[in-house]
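Colleague: Thanks for sitting down with me over this one. Could you put it on screen so that we can go through it together?

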Amino acid sequence: MKELINKLICERTLTEEEFAALIDARGQVRAYAIEQARQTAQSSFGNKIYIRGLIEMTNYCKNDCYYCGIRRSNRNCARYRLTQEDILACCDAGYPLGFRTFVLQGGEDGAYSDADLCAIVSAIKARYPDCAVTLSLGERSRESYQRLYDAGADRYLLRHETADEAHYARLHPASLSLANRKRCLYNLKEIGYQVGSGFMVGSPYQTSQNLAADLCFIRALSPQMVGIGPFIPHHDTPFAAMPGGSLELTVFLLALLRLMLPHALIPATTALATISPDGRKQGILAGANVIMPNLSPADTRKDYSLYDNKACMGEEAAEGLAALKAQMREIGYEIVCARGDYEG
C-alpha cells in the first residue's frame, strides 16, 4: 500500500478504487502517510499554524439534517441570534489577541436577510480592513453569495458531507439534495470566494467507498480549504444511538488530503479535540495547519451544540490562546498573527 501513498504524493490523485483500498489500510501504511503529510505541510507552511476566530452567530436552522443538534425539529435546543453589535464585539475581543480572520457560522436562519448579512460583513471589513471574513451559513442562491462577496466576504465554508447520492439521502431529509450542495460550491468558486468543503468521518451508513468518493470529489473541486471531522452523535437527533467516527481514521484521512492538496488550508477541528485530549495535536502532526478557537459570547457557546460534549472552553476558546500557543510549541509549531490566505 505504500506505493499508493507514493503515487498520491507524485500525482496528487488516485482512482476511487485505489482510494478505497488505501482507506482500509492499517498500521505502517497509515503511519507512513501521516509522516509524509507532515513533511508536505512543513514544505508548504513551515511550522506556521493559522488561527481563525469562530463566531457562532445563530443556532436557528430551517433544515432538519438527521445528525445535527440544531436541526429544526429539536425542541430542546435553546435558540439564540447574535446582533450586528454582538458580532462586532466578538471581533473587538479577537483582534487584540491576534485574530486576522473571523468566521461567521450559523444555521440556515431566514431571520437574517441578505441586507442584514451584507451590513454585518461590511461593518467588520470597515473596522478591520486587514482581516478576512469567512462565512459558513449554508446553501444560498448564487445571487445571495454574490451580494455577500460584493460586501467584502472573502471565504465560504460549505461541507458537502458525503459525495454519494444514496448516502446523502440517508443523512438528510428529502428537501435537501447533494446536487444543490455541489451547485452551491461551484457557484462560490465561480464568484471568486476562497472555498472550503469537507465531510464527516464515520457518519451513519458510511463505507470506505463513500470516503473514496469524497476524496475524488474534493480532488475535482480543488477547494482552497478542507474541513473534516469525526461524526459525533447528538442525543436529540435520530442518530443519537449511532457510533461515532474514529480519531485514527480521521487523522489518516487528514493526511491523505494534505498529500492530495499540499497548499490547502486544513483545520484540526473542534470535533477532533472533542473526542480526544490530544486530537488537535494529532491533526496538526498529520498535516493540518489551521485552528479555529471560539470567539462567540461565552453564554451562547453551549447552545451551538451540533453534537454532544462539544469542546468550546479552555484551549478551544479565544481566551485560552496562551495555552493553545504553548500546546503548539510543545510539538514544534508556532501560531502566527496573519490572515493566512490560500497561496497555491
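Colleague: Happy to start in the middle of the chain: which residues of helix 8 are buried?

Modeller: Helices here are DSSP runs of H or I with at least four residues, strands are E runs of at least two, and both are numbered from the N terminus. Buried means under 20% relative accessible area, exposed over 50% and partly exposed in between, with a 1.4 Å probe and protein chains only. By that cut-off, the buried residues of helix 8 are Leu178, Arg181, Cys184, Leu185, Asn187, Leu188 and Ile191.

Colleague: Before we go on, what should I keep in mind about the model?

Modeller: Residues are numbered from 1 along each chain as its sequence is written. This is a predicted model, in which local features need pLDDT of at least 70, side-chain atom pairs count only at pLDDT 80 or more, and totals for chains, interfaces and linings use all residues, while side-chain values use heavy atoms and leave out hydrogens and water.

Colleague: Good to know. Against which elements do the buried residues of helix 8 pack?

Modeller: Contact means heavy atoms within 4.5 Å. On that basis, the partners of the buried residues of helix 8 are helix 6 (142–150), strand 5 (155–157), helix 7 (165–171), strand 6 (194–197) and helix 9 (208–221).

Colleague: And how far apart are the end C-alpha atoms of helix 8?

Modeller: The expected span is 1.5 Å times one less than the number of residues. Helix 8 (residues 178–191) has 14 residues, so it should span 20 Å, and this agrees with the distance between its end C-alpha atoms, 20 Å.

Colleague: Which residue follows helix 8 with a positive phi?

Modeller: The phi in question is near 125°. The residue that comes after helix 8 with this value is glycine 192.

Colleague: Let's go to the N terminus. How do helix 1 and helix 2 lie to each other, and at what angle do they cross?

Modeller: Axes are lines fitted to C-alpha atoms, for helices over the stretch in contact, and angles run from 0 to 180 degrees between N-to-C directions. The axes of helix 1 (residues 2–11) and helix 2 (residues 16–23) come within 10 Å, and the crossing angle is roughly 130°. Angles under 35 degrees count as roughly parallel, over 145 as roughly antiparallel, 65 to 115 as roughly perpendicular and the rest as oblique. Helix 1 is therefore oblique to helix 2, at roughly 130°.

Colleague: Which residues of helix 2 take part in that contact?

Modeller: From helix 1 come Leu4, Ile5, Lys7 and Leu8. Nonpolar covers Ala, Val, Leu, Ile, Met, Phe, Trp, Tyr, Cys and Pro, charged covers Asp, Glu, Lys and Arg, and the others, Gly among them, are polar; by class the contact of helix 1 with helix 2 has five nonpolar, no polar and two charged residues. The helix 2 side is made by Glu18, Phe19 and Leu22.

Colleague: Helix 1 also packs with helix 10; which residues of helix 10 make the contact?

Modeller: The axes of these two helices are 8 Å apart at an angle of about 40°, which makes helix 1 oblique to helix 10. Helix 1 contributes Ile5, Leu8 and Ile9, and helix 10 contributes Leu256, Leu259 and Met260.

Colleague: How do the residues of the contact of helix 1 with helix 10 divide by class?

Modeller: There are no polar and no charged residues in the contact of helix 1 with helix 10. The nonpolar ones number six.

Colleague: How many residues of helix 10 are buried?

Modeller: Helix 10 (residues 247–260) has 14 residues and reaches 20 Å from its first C-alpha to its last, close to the 20 Å expected. Helix 10 is mostly covered, and the number of its 14 residues that are buried is 13.

Colleague: Is proline 233 buried or exposed?

Modeller: Proline 233 sits in the loop between strand 9 (229–230) and helix 10. Leaving aside neighbours within four places in sequence, its contacts are Phe239, Ala240, Met242, Gly244, Tyr307 and Asp308. With a relative accessible area of 17%, proline 233 is buried.

Colleague: Last one: where is cysteine 65, and what is its relative accessibility?

Modeller: Cysteine 65 is in the loop between strand 2 (53–58) and helix 4 (84–94). Beyond neighbours within four places in sequence, cysteine 65 is in contact with Arg71, Leu171, His172, Pro173 and Leu176. Cysteine 65 counts as buried because its relative accessibility is 10%.
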